[in-house]
Amino acid sequence: MTQKLTFHGIVQGIGFRPSALRIATDLGIKGQVKNSGGNVKLIISGKKQALDEFVRRLIALFEIKNYEIENIAEIEFDNFKIVHSTNDCQTPFLTPDLATCADCERELKDKNNRRFRHPFISCVNCGPRYTIINTLPYDRENITMSEFDMCDDCKKEYTAIRDRRCHAQTIACNSCGPKTNIPIETAAEILRQGKILAIKDIGGFHLACKVDSVESVKKIREIKGRETKPFAVMFSSVEEIKKYCKVSDKEKELLLSPARPIVLLEKIRDFDKSVCGESDYIGAFLPCNPIQLMLLDKVSPLVMTSANISGEPIIIDDNEIKKFGVDVLSHNREILTPLDDSVVCVVAGRTQFIRRARGYVPLSIEIDNKAKTDTLCLGGDLKAVFGFHRNNYVFLSQYFGDLDNKDTFESYKSNIKRFGALHGFKQNKIVADAHPDYYSSNIFDNDIKIQHHKAHAASVIAEHRLKGKVLAFAFDGTGYGDDGAVWGSEVFLINEKKFERVEHLKYTKMLASDEVSKNGRLALDCYLGSNALVDRALENNINTVLSSSMGRLFDAVCSLLDIKHYNSYEGECACALESTAKKADKAYRLAHTLDPKMILNQIKEAKNKATKEELALGFHMLICNLICDIAEKYRKEQGVNQIALSGGVFNNRIITACSIVALEEKGFSVYINEKVPCGDGGIALGQAYLSSLED
């Protein structure tokens, strides 16, 4: 019996073909397997029972989206072999970069192994993938490893059926692989001396130094132009992390996952203020590649932050890194796609993305809505992420940052071309944010414009594949509203294609300037009319706009309580307000209202009756209670029981956790973003969902 099989899914760059070869050999099956674009095609010949078992074992091993089996005319084969690839795939599912596996790590540290301290050790189960691929199919000649000829020993392993490196495209060793510009021991000594070291990793350069090298930490802040935003810290092990942070089982699982993201963990012990500032959390992560493993084995923990000027793309070029004037550990394996580290946290037992990049991109997200044609979804301008929608899959790009930076905008545009070409997407339809002045909304002649907060709400519906009525809360800083106002506290009653805006904070007339989004005191003045110059501008409608922004209300409360008055980075005031609220023993009770002025006046009047901590927590509880009140109202009136929470405000752990717990206690089913960020990094997914409703 002979069958033709095609497997779709994550089937390239993870050892599918050598696994098929081994299973076929075990079962006495003959035939062939080959990469076909982003899919894998096989012809197998043998007894039906053996062929069925062959398919069952492959499905159990890999993330198969779907597969086809076709009985064909009998073909006789001498054996089972891996044959040359072709490129005729319709929808490729590319593999993200994978952290060094346990087997390779053991070999890396084994003095008797021929790959002892090999800075580029990898196998079919680990190593760079997406950042080094030039074109499909995923074969040696199509990745940046093509420049390095295999030595005889590596060739033997590459063709040995039982070897872990059988057809491992990144196979190399100390004799034949990429080289570093300086020895790892020299690099470790630079760090031990308290100096800054620029390290070329999988997705770009990092700037690193010891956490207790305070002057070097401050110097990195000067280099990056990053005054106060916390730095991530790389540790050698989970055990070391536990000396500084609380680590739950779920957080440990994330830390050790093949993606190796930065995980925001609650502090129990702090470093110098120059490292994490006033944050209650440490962005902790573990080494994801051999170079990092060897360095952290010698000196740990390390400040480890992307090598760039804040707001600009991560540096991947050896010449560009020299402008920082620091020691450099580089190598001669080219990086084709720049990727920052992913950032996640755990809230109410659920994983939240702050930034989705290395380790997760370019994995697709399956949704129920099928695109009739390839659709490019441009996302938004802040925390920019674009996506392509084909069939039932949305393929999201890495995080780029804010598009008002010229270099970031150019990187965003060039990666649209690269991402599309790599996957074979055609962008027959283009979707953008409704904001008329967004950079992303003016690149192409867009077929569809989608309101920002509707996309936030839709992103939750899409990833959880919700049906029926949903009440969605989309809370954030700003978004261009359907009426031309600045929205940011929107509640939508959604029933399949129908989106009805049913609640929001009462509009406040505010100054229409970027400074309002940074200056908490200025936002407060707009709400309470406590500044004569601002009052005159508002009264005379000089560059003003109506706003329902929840983010600006957080800034104003933070300023009113004299906690912090200015955002030196996005969300700084809101984070400071949350941190203050966490210190309270009890919450000061505030009356429920959607009028921001009434909320602020309540807090102002209570400043002599309660501590700033109690008032900060009281404000958080007010927002949670408003969410519950509105949910109860629309369950009673409309029978809605599904609640979706999205938008940057839901990065606030108090708001999110308390809302989930309270709503679930009342019998609601509550959903948050778990596959994309709740902030603007998830907008493209919502755009894909909503645009497909019009197909």
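These are my notes on the cores, one pocket, several strands and one cysteine of this structure.

**Entry 1. The model**

I am working from a predicted model.

**Entry 2. Nonpolar cores**

I looked up the largest nonpolar core. It has 65 residues. Leu 471, Phe 473 and Phe 619 have the most contacts inside it. I then asked which element gives the most to this core. Helix 20, residues 612-638, does, with 13 residues.

Another core lies apart from this one, and I noted its 56 residues. Phe 7, Val 33, Val 40 and Phe 388 are among them.

I went back to Leu 471 and listed its contacts, leaving out residues up to four places away in sequence. Leu 471 touches Val 491, Phe 492, Leu 493 and Val 502. Ile 630, Ala 631 and Tyr 634 are also on the list. Val 640, Gln 642, Ile 643 and Ala 644 complete it.

**Entry 3. The second largest pocket**

Rolling a probe the size of a water molecule over the atoms shows where empty space is left. I took the second largest pocket. Its volume is about 650 Å³. I found 25 residues lining this pocket. Closest to its centre are Glu 63, Arg 356, Gly 359, Tyr 360 and Leu 363.

Which elements give two or more residues to the lining? I noted strand 4 (63-72), strand 14 (350-355), strand 15 (364-377) and helix 13 (452-464). The largest share, three residues, comes from strand 15. By type, the lining residues of this pocket divide into 11 nonpolar, seven polar and seven charged.

**Entry 4. Strand 6 and its partners**

In a regular strand the side chains alternate between the two faces of the sheet. I checked strand 6, residues 197-200. Leu 197 and Ile 199 point one way, while Ala 198 and Lys 200 point the other way. All of these residues are buried, Lys 200 included.

I looked at the pairing next. Strand 6 pairs with strand 7 (residues 205-210) in the antiparallel sense, over four bridges. The bridge partner of Leu 197 in strand 7 is Ala 208. Strands 6 and 7 form a hairpin, and four residues sit between them. In the turn, Gly 204 has a positive phi of about 150°.

Strand 6 also pairs with strand 12 (residues 327-329), here in the parallel sense and over three bridges. Opposite Ala 198 I found Val 328 of strand 12.

**Entry 5. Strand 3**

Is strand 3, residues 39-45, mostly covered or mostly uncovered? I found it mostly covered, with six of its seven residues buried.

Strand 3 pairs antiparallel with strand 1 (residues 2-10) over six bridges. Thr 2 has Ser 45 as its bridge partner in strand 3. Strand 2 (residues 30-36) also runs antiparallel to strand 3, and seven bridges join them. I noted Ile 43 as the strand 3 bridge partner of Gln 32.

**Entry 6. Cys 558**

I found Cys 558 in helix 17, residues 550-560. Why does Cys 558 count as buried? Cys 558 counts as buried because its relative accessibility is 0%, and the cut-off is under 20%.

I listed its contacts, again without residues up to four places away in sequence. Cys 558 touches Ile 563, Lys 564, Cys 573, Ala 576 and Leu 577.

I also took one distance. Cys 558 and Phe 409 are 32 Å apart in space, C-alpha to C-alpha. In sequence they are 149 residues apart.

Note on methods:
Residues are numbered from 1 along each chain as its sequence is written. This is a predicted model: local features need pLDDT of at least 70, side-chain atom pairs count only at pLDDT 80 or more; totals for chains, interfaces and linings use all residues. Side-chain values use heavy atoms; hydrogens and water are left out. A nonpolar core is a set of buried Ala, Val, Leu, Ile, Met, Phe, Trp, Tyr and Cys residues joined through side-chain atoms within 4.5 Å. Buried means under 20% relative accessible area, exposed over 50%, partly exposed in between (1.4 Å probe, protein chains only). Contact means heavy atoms within 4.5 Å. On a 1 Å grid over the protein atoms alone, a cavity is a set of points where a 1.4 Å probe fits but cannot get out, and a pocket is an open set with protein on both sides within 12 Å along at least five of seven lines; lining residues have an atom within 4 Å of a point. Grid points are joined across faces, edges and corners, and a volume is the space filled by probe spheres set on the points. Ala, Val, Leu, Ile, Met, Phe, Trp, Tyr, Cys and Pro count as nonpolar, Asp, Glu, Lys and Arg as charged, and the others, Gly among them, as polar. Two strands pair if DSSP finds at least two bridges between them.
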